[in-house]
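Open your viewer, switch on side chains, and keep the selection box handy. We will walk from one stop to the next, and at each one you will find something to look at.

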Amino acid sequence: MNELGVRRPREGHAPAGRAGAPETHGGLRVRGLVVRYPGPGGAEPTTAVAGVDLDVAVGEVVALLGPSGSGKSSLLRAVAGLEPVAAGSVSWAGRDLAGVPVHERGFGLMFQDGQLFPHRSVAGNVAYGLAVARVARAERRRRVAELLELVGLAGYGPRPVSTLSGGQAQRVALARALAPAPTLLLLDEPLSALDRGLRERLTGELHDILRATGTTALYVTHDHDEAFTVADRVGVMDRGRLLQVDAPARLWQAPASRDVAAFLGYGPFLPARVTGRVARTAIGEAPLPAGAAAEGDALLGLGPTALHVDEEDPAGVLAPVVATRFRRGRTEVDVVLPDGQRATALAGVSLPDGDRVRLRLDPAGVVVLPHGTRHAAGRSHLPR
């Protein structure tokens with residue numbers, strides 16, 4: 001177990017779909033999904049999900065990441081059967097779920113507020129789905145005890161849920177969702193109501209728990225770190241479209257478009273010229289990895305660690321400081337680049353506004369995109 005009482009996955013244990021190419025036909029398959037909501041006062045309907053294709057393999061955790069209004073929760077709710085589908089299909093293990101009610105899909109649901117039953121104890125909440133399924137009482141007790149231990153709440157069964165902290169309540173909600181062993185667990189912003197420190201701790205716990213149980217999950221969040229920590233693959237949504245789905249490291253290192261890169265935290269974007277596998281800009285050069293942008297015009301996106309204040313670098317570009325702040329263990333300064341764009345650089349010490357500093361470009365902190373790329377059709381890579 002970790003320091004918070006969560007059991008670690010067994011040594012060498014890899015649920016189906018985590019090692020090698022998963023058998024996606026045995027899991028969730030979404031094709032051309034469209035979700036629309038009626039417009040106010042007879043206005044044109046609003047399209048919340050616009051023709052999305054998505055696979056989630058058995059044993060895989062896929063996170064949907066996007067800003068508010070991007071359609072990620074509408075997609076999850078349509079998979080659950082909570083929203084009508086205007087077009088397209090949702091299937092599980094090859095079975096089309098059109099017309100199948102929510103309670104017959106075999107999916108588990110967990111939402112932002114947990115929605116615990118206030119009149120039931122912790123054990124009563126966890127056992128609810130088992131009781132509905134008429135699982136024998138002795139088996140229910142065994143399963144409840146097992147899950148409470150798994151989520152770090154062993155011995156909490158008799159407690160009223162009103163005595164729980166926010167983090168404890170969400171662990172109970174997770175245990176309740178896992179109790180009936182759902183074929184697919186759907187989590188909609190399950191940690192967003194918690195403070196940052198607790199959210200970060202529970203994110204790590206969720207990662208461990210989902211893998212310890214071999215749970216197949218679709219996880220909706222607007223928090224980048226949460227998605228990258230929990231999921232095997234992350235999908236970026238915007239304006240109802242799924243722009244890219246990829247393993248976390250590949251998504252960060254090779255966003256498919258400027259829109260995806262900007263959402264992930266890259267920017268500003270500088271004009272670049274690629275020659276001889278090197279992207280050259282007004283503030284420095286970056287060698288390209290294999291398979292990156294071809295020769296010619298390109299865009300170089302600056303990541304959070306791309307620029308460093310380095311007064312010892314004679315080739316460093318001079319830029320004025322316009323703001324300084326200390327954030328999470330490091331000092332950052334906002335500078336104005338030669339083309340007038342504002343960017344953030346890492347500095348060793350706080351610097352006064354108006355000071356001119358030399359900037360060093362770290363090639364490991366940038367991404368290079370073909371010039372003019374903005375949107376990308378959905379791109380999906382299954383784990384290899």
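Start by selecting Arg-159 and Tyr-156: the charged end of Arg-159 sits over the ring of Tyr-156, 4.0 Å from the ring's centre. Keep in mind as you go that this is a predicted model.

Now for another arginine. Select Arg-176 together with Phe-117, and you will see the charged end of Arg-176 over the Phe-117 ring, at 4.9 Å from its centre.

**Two rings**

How many aromatic pairs does the structure hold? There are 3. To visit one of them, select Trp-92 and Phe-107. Their ring centres are 5.8 Å apart and their planes meet at 70°, so this pair is edge-to-face; the angle qualifies because planes over 60 degrees apart count that way. Next, colour the strands: Trp-92 belongs to β4 (residues 87–92) and Phe-107 to β6, so the pair ties together parts that are 15 residues apart in sequence. Turn on a surface if you like; both Trp-92 and Phe-107 are buried.

**The sheet**

Phe-107 has brought you to strand β6, so let us stay there and widen the view. Show strands β6, β7, β8, β3, β9 and β10, which in that order form an open sheet of 6 strands with mixed pairing. At the edges are β6 (107–110) and β10 (241–246), each pairing on one side only. Look along the sheet to follow its twist, which averages 20° from one strand to the next.

Then pick out helix α5 (residues 166–178). This helix packs on the sheet and touches β6 and β7, and its direction makes about 170° with that of β6.

Move on to β7 (residues 184–188) and β8 (residues 217–221). These two strands run parallel and are joined by 4 bridges. For a close-up, select Leu-185 and look across to Ala-217 in β8, which stands opposite.

**Last stop: Val-367**

Finally, jump to Val-367, in strand β20 (residues 366–370). Is Val-367 buried or exposed? Its relative accessible area is 5%, and since buried means under 20%, Val-367 counts as buried.

Which residues does Val-367 touch, leaving aside those up to four places away in sequence? Select Gln-253, Pro-255, Ala-261, Tyr-266, Leu-299, Leu-300 and Gly-301 to see them. Then draw a distance from Val-367 to Leu-300: the two are 67 residues apart in sequence, yet 5.8 Å apart in space, C-alpha to C-alpha.

Note on methods: Residues are numbered from 1 along each chain as its sequence is written. This is a predicted model: local features need pLDDT of at least 70, side-chain atom pairs count only at pLDDT 80 or more; totals for chains, interfaces and linings use all residues. Side-chain values use heavy atoms; hydrogens and water are left out. Two strands pair if DSSP finds at least two bridges between them. Axes are lines fitted to C-alpha atoms, for helices over the stretch in contact, and angles run from 0 to 180 degrees between N-to-C directions. Contact means heavy atoms within 4.5 Å. Rings of Phe, Tyr and Trp (its six-membered ring) pair if their centres lie within 6.5 Å; planes under 30 degrees apart count as stacked, over 60 as edge-to-face and the rest as tilted. Buried means under 20% relative accessible area, exposed over 50%, partly exposed in between (1.4 Å probe, protein chains only). A charge sits over a ring if NZ of Lys or CZ of Arg is within 6 Å of the ring centre and within 35 degrees of the ring normal.
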